[in-house]
Amino acid sequence: MVHIGNDWDALLGPEFEKDYYRQLRRFLVHEYKTQVVYPDMHDIFNALKHTAYADVRAVILGQDPYHGPGQAHGLCFSVRGGVEPPPSLVNIFKEIHDELGVPVPLGGDLTPWARQGVLLLNTVLTVRRGEAGSHRGMGWETLTDRVISLLNERAEPMAFLLWGANAISKRPLIDAGRHLVLTSPHPSPLSAYRGFFGNGHFRKANEFLESQGKPPIQWGL
């Protein structure tokens with residue numbers, strides 16, 4: 001039913017056979033036929049395709065995809081080359097610059113992070129055009145709960161960066177005694193000044209990885 005192309009296939013295969021996912025799939029088939037839905041159906045699982053389970057070193061968890069034309073491509077907060085970075089991503093780059101002195105990039109394609117083992121996952125993987133949150137409660141949360149639970153079970157410690165209420169709701173799934181769990185408000189302009197700016201997440205994640213004998217994430221693009 002779903003082919004990811006790496007170790008996630010075996011891990012998530014049983015999920016794709018469950019009733020909740022079959023119902024979700026029927027819903028999505030209808031939505032893609034009758035509505036404008038983002039991302040493109042072939043990009044829905046790009047986060048998992050780009051970052052195999054065994055390669056994950058950090059997880060950035062967002063809410064649902066960008067709902068404007070040409071923006072979402074299956075990696076949370078990321079846009080393809082040539083697309084102007086949305087305000088949330090601009091704020092992410094500002095925080096990285098303030099923490100680490102990394103120059104603010106012109107583009108917003110975060111694929112280089114994914115290739116380094118940063119799983120760029122939303123709690124909900126699809127959305128109607130112009131309707132933020134429109135696919136919440138349809139089954140995606142059950143699947144992404146399973147993704148987080150599987151990562152939590154891994155022996156190798158990793159860093160979880162949970163931004164916004166929907167992402168923070170996953171916190172009980174993660175053993176903070178083994179993994180680093182960082183939470184803050186969402187980087188949206190509506191909430192960034194309430195605690196996203198100055199949260200130190202990128203520096204703290206790298207310090208944690210280095211304490212585990214792993215190389216830091218190169219947050220520059």
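Helix pairs whose axes meet at an angle under 35 degrees count as roughly parallel, those over 145 as roughly antiparallel, those from 65 to 115 as roughly perpendicular, and the rest as oblique. In the present model, which is predicted, this scheme applies to helix α2 (residues 19-34) and helix α6 (residues 140-153). The two helices pack at an angle of about 130°, and α2 and α6 are therefore oblique to each other. Their axes lie 9 Å apart, and the crossing of α2 past α6 is left-handed.

The contact between these helices is formed on the α2 side by Tyr-20, Tyr-21, Leu-24 and Leu-28. On the α6 side, the residues that meet them are Trp-140, Thr-142 and Leu-143. Classified by residue type, the contact of α2 with α6 comprises 6 nonpolar residues and 1 polar residue, with no charged residues.

Helix α2 also contributes to the second largest pocket, supplying 6 residues, the largest share of its lining. The volume of this pocket is about 390 Å³. Its lining consists of 14 residues, and those nearest the pocket centre are Tyr-21, Arg-25, Met-41, Ile-44 and Phe-45. Tyr-21 thus appears both in the contact with α6 and in the lining of the second largest pocket. Of the lining residues, 9 are nonpolar, 2 are polar and 3 are charged.

The largest pocket encloses about 480 Å³ of space. A total of 29 residues line this pocket, and Asp-64, Pro-65, Tyr-66, His-67 and His-186 lie nearest its centre. Two elements, α4 (87-100) and β3 (118-122), each give two or more residues to the lining. The lining of the largest pocket divides into 16 nonpolar, 11 polar and 2 charged residues.

In addition to these pockets, the model contains 1 cavity of 30 Å³ or more. The volume of the largest cavity is about 30 Å³. Its lining is made up of Phe-93, Ile-96, His-97, Val-102, Pro-103, Pro-105, Trp-219, Gly-220 and Leu-221. By class, 7 of these residues are nonpolar and 2 are polar, and charged residues are absent from the cavity lining. Charged residues are likewise absent from the contact of α2 with α6, whereas the linings of the largest pocket and the second largest pocket both include them.

Key: Residues numbered from 1 in each chain as written. Predicted model: local features only at pLDDT ≥ 70, side-chain atom pairs only at ≥ 80, totals over all residues. Heavy atoms only, no water. 1 Å grid on protein atoms, 1.4 Å probe; cavity = no way out; pocket = protein on both sides within 12 Å on 5 of 7 lines; lining within 4 Å. Points joined across faces, edges and corners; volume = space filled by probe spheres on them. Helix = DSSP H or I, 4+ residues; strand = E, 2+ residues; numbered from the N terminus. Nonpolar A, V, L, I, M, F, W, Y, C, P; charged D, E, K, R; others polar. Axes fitted to C-alpha atoms, helices over the stretch in contact; angles between N-to-C directions. Left-handed = near helix turned anticlockwise from the far one by under 90°. Contact = heavy atoms within 4.5 Å.
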